[in-house]
Structures are given as C-alpha cells and as structure tokens.
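I opened a fresh page for this chain and listed what I wanted to look up: helix packing, ring pairs, the core and the charges. My notes follow in the order I worked.

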Amino acid sequence: MRVLMLSKACIVGIYQPKLEAIARRDVDLTVLVPPSWRDERGVQRLERAHTDGYQLREIPIRFNGNFHLHHYPTLGRAIHRFQPQIVHIDEEPYNLATWQALRHARRLGAKALFFSWQNILHAYPPPFSWGERWTLRSVDYALAGSDAAADVLRRKGYAGPLATIPQFGTSPELFQPAAMQRERPFTIGYIGRIVPEKGLNVLLRAAAQLDGDWRLRLVGGGGDRANAKALARSLGIGKKAAFIGQLPSTDLPSEYHKLDALVLPSLTRANWKEQFGRVLVEAMASGVPVIGSDSGAIPGIIGAAGLIAPEGDVAALARALGDLRDQPALRSALIEKGRARFLAHFTQERIAEATVAVYRELIS
C-alpha cells in the first residue's frame, strides 16, 4: 500500500525507527517533514538518523513555530505526485496543516487519518472550531495518543473509527541499560521542556530536602530556564544542579546512562495536563528507575514499574527520591520492571504494527 505521512515530529531522529518499522510491513512510505521546527526550546532541525526503506523528504513550511497556523505551500503538488492510497496526517484536527492535507486527500480520493494528543476538552474559537468540526466529519479514521485523548474526540462528536496508539515508541536497540554502573553521587535527571507546567520548581525543592551527596542533571531548553536556575541558587543547591541545555535527540541514549533516577514532576493546568511523557519510557528502556507525578497520562505509563508522587507535593517527591537512593533492592526491582514494561508496551515495532493494522483496515 502507498502511504504518505505529513509529520513535523518526524524531524527528530530517535522517532524515525518507527518509520523504518512501518516500511518493513509492505508499506510504500513517503514522509514529508519541514526542514526545522521552532518552539519555546529553540529550533529543532531535521535529523536524518534512521531512513532505511522509506523516503524522508523536506517540504517548505510557512508560519514555522505557529502550532495552529503552520502549513505547507507545496503540499498539494507532493500529494498528487505520490498518488497515495492513505494520507496519514500527524497533526491535531484543529490545525491548518491538517485541513490542508485532508482537503488534498479528499480531492485525490485517498483515505485520510489524523493523530491527536489533546486530552482536555477545549472549545477553540473560529475559525479553528469550524475546521475541527469539518475534520471530525470528513476524516476516515482517527488515532489518539491516550484513552483520555480518545474520550475528548468522542465528546467533540467524532463518530468514526478510532484507535488508541501512542504517536511513537522507543527503540530497544537505541535505548538499553548501561553495560556497567559507574561510581558517582546519586544523580537525579530531568529531560524535557523547562517550562512552569513541567514542575521543575517541585523537583528542585524536593532535591533540596535530601541530605548527603547527590546531583541533578536538567536537560532541555525553555522559557523558565532562568527562573529555575535562580531557584536552585536560592535553595542553596546551585552547585549540585547542572543545566545542560537542549541536546540532539541522538545524544539522549547515552544521557540516560548518567542518571540513577529520572523524574517527570508535571503539574496539571487549566489548558494542559501531561499527555504521555515519553522520557519515562526512554528511561525505563535504559535501565533508569522513574518517578512521576500523577498528572494526566503519567500513572498509566509507569504502572507498577516506578514511583508516583502527587503532583506539587514536594515532601512526597523528596521521600520517593530518598527511597530510591537508599534502597538498592527497590532500585534494582524497578529497573527490571521498567525494562519489561517498555518491551511489553512501548517499542517502535509494537507501535508500527498497530499503525499498519489501521492502514490495512482503511484499505479493506
């Protein structure tokens, strides 16, 4: 079958093994991506890291960085040139890029599906609400990243076929436990956007309650970086907290080997709650115990393979960190459970197989 995918997310190299896995399942796959994507962390440029078996092609983008209004001026020509049977729109239903791709798929007579992470029921103003309603009426299939996102689509009136499949898995070949553990102070990690809703202030305050020798590694960029560094200094832990900055995705597998715990202390907001938390999956794959808040999808991702602290609860997070540091048996058990949970649910192969099953359903 011939599938054309439009995905700004696929500029990230560690996401691309899913595309190779899709192509191995008798799919003639072309993936269109912008040369870069701009957000609060900075500019993410296209990483051509895993490109066997399919075509990864750049396409010009307008309004780069504008989540709702970005679109692709040459998309129509690209779709009609490839003549796909299926157009996989890796975008939310309220975005201009989705409407654009769906319109061209309809004109060609191709089947079309979109992907959604939106796990909070939110009413958008016109014209986004109009475009969203048209998409929900016109598309052939919907993919939701979580059960909560699927529920939002149904509550908005989507009545068509729907599957809950995370957008990307993680590669067990790229993310593996370290061959040997090095002697170091207990090292707590955070990887992701440095913005208020990710709860870095909670993590910093919890770490400050720990005694003994420990370190923090905070990897990522974002608008709250200066505030987080100032808070670390005010708590007296500035010298223990290393702010690493944004890293290429291909550097992340080795970054997890520098950690003894990975924390995702997300905080629910009126317009956002944690949609997945893929760093948890990458950490579990890498043999790193995880601690998460109970925001959004986090408890469902971790299951019994890590520790959960109520969001915003500094004392509870400090206790969880202390337990991991001081109880080697607990740490070893969570390492084993985490790797097993990752292999059972979150590999790129599993995500690819579920995605191709949707393609086959559409064609049949």
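**Entry 1: helix α4.** I began with the question of what the buried side of this helix packs against. The buried residues of α4 pack against α3 (96-108), β7 and α5 (147-155). I then listed those residues of α4: F128, S129, G131, E132, T135, L136 and S138 are buried. A reminder to myself before going on: this is a predicted model.

**Entry 2: aromatic pairs.** I searched the whole structure and got nine aromatic pairs. One of them is W117 with F276, a tilted pair with 5.4 Å from centre to centre and 40 degrees between the planes. W117 lies in the loop between β7 (111-116) and α4 (128-138), and F276 in the loop between β13 (261-264) and α9 (278-285), so this pair ties together parts that are 159 residues apart in sequence. I checked exposure too, and both W117 and F276 are buried.

Next I looked at F175 and Y256, which form an edge-to-face pair, 5.9 Å centre to centre with 70 degrees between the planes. This pair links distant parts of the chain, 81 residues apart: F175 is in the loop between β9 (162-164) and β10 (186-191), and Y256 is in helix α8 (residues 252-256). Both F175 and Y256 are buried.

Back at W117 and F276, I found that they belong to one aromatic cluster with F115 and F346.

**Entry 3: charges over rings.** I noted two cases here. The charged end of R2 sits over the ring of F82, 4.1 Å from its centre. K8 lies over the face of W37, at 5.1 Å from the ring centre.

**Entry 4: the core.** Which residues touch the most other members of the largest nonpolar core? Of its 119 residues, they are L203, L216, Y256 and L262. Helix α11 (residues 314-326) gives the largest share of this core, seven residues. I followed L216 outward: leaving out residues up to four places away in sequence, L216 touches I188, L203, L204, A207, I237, K240, A241 and A242.

**Entry 5: buried charges.** K18, in helix α1 (residues 17-23), caught my eye. K18 is buried yet has no salt bridge, and the nearest side chain of opposite charge, D90, is 5.3 Å away. Beyond four places in sequence, K18 touches Q167, F168, Q348, I351 and A352.

E47 sits in the loop between β4 (42-45) and β5 (55-58). Is E47 buried or exposed? E47 has a relative accessible area of 12%, so E47 counts as buried. Its contacts, again beyond four places in sequence, include I11, V12, G13 and P248.

**Entry 6: salt bridges.** The search of the whole structure gave 18 salt bridges. In one of them R24 meets E349, with the closest N and O atoms 2.2 Å apart. R24 is in the loop between α1 and β2 (28-33) and E349 in helix α13 (residues 348-363), so the pair ties together parts that are 325 residues apart in sequence. R24 is exposed at 52% relative accessible area, whereas E349 counts as partly exposed at 34%.

I also logged D211 with R325, where the closest N and O atoms are 2.8 Å apart. D211 is in the loop between α6 (200-208) and β11 (214-219) and R325 is in helix α11, 114 residues apart. Last item: salt bridges that share partners join R24, R25, E349, E353 and R360 into one network.

Key:
Residues are numbered from 1 along each chain as its sequence is written. This is a predicted model: local features need pLDDT of at least 70, side-chain atom pairs count only at pLDDT 80 or more; totals for chains, interfaces and linings use all residues. Side-chain values use heavy atoms; hydrogens and water are left out. Rings of Phe, Tyr and Trp (its six-membered ring) pair if their centres lie within 6.5 Å; planes under 30 degrees apart count as stacked, over 60 as edge-to-face and the rest as tilted. Helices (H or I, at least four residues) and strands (E, at least two) are DSSP runs, numbered from the N terminus. Buried means under 20% relative accessible area, exposed over 50%, partly exposed in between (1.4 Å probe, protein chains only). A charge sits over a ring if NZ of Lys or CZ of Arg is within 6 Å of the ring centre and within 35 degrees of the ring normal. A nonpolar core is a set of buried Ala, Val, Leu, Ile, Met, Phe, Trp, Tyr and Cys residues joined through side-chain atoms within 4.5 Å. Contact means heavy atoms within 4.5 Å. Lys and Arg count as positive and Asp and Glu as negative; His and the chain ends are not counted. A salt bridge is a side-chain nitrogen of Lys or Arg within 4 Å of a carboxyl oxygen of Asp or Glu.
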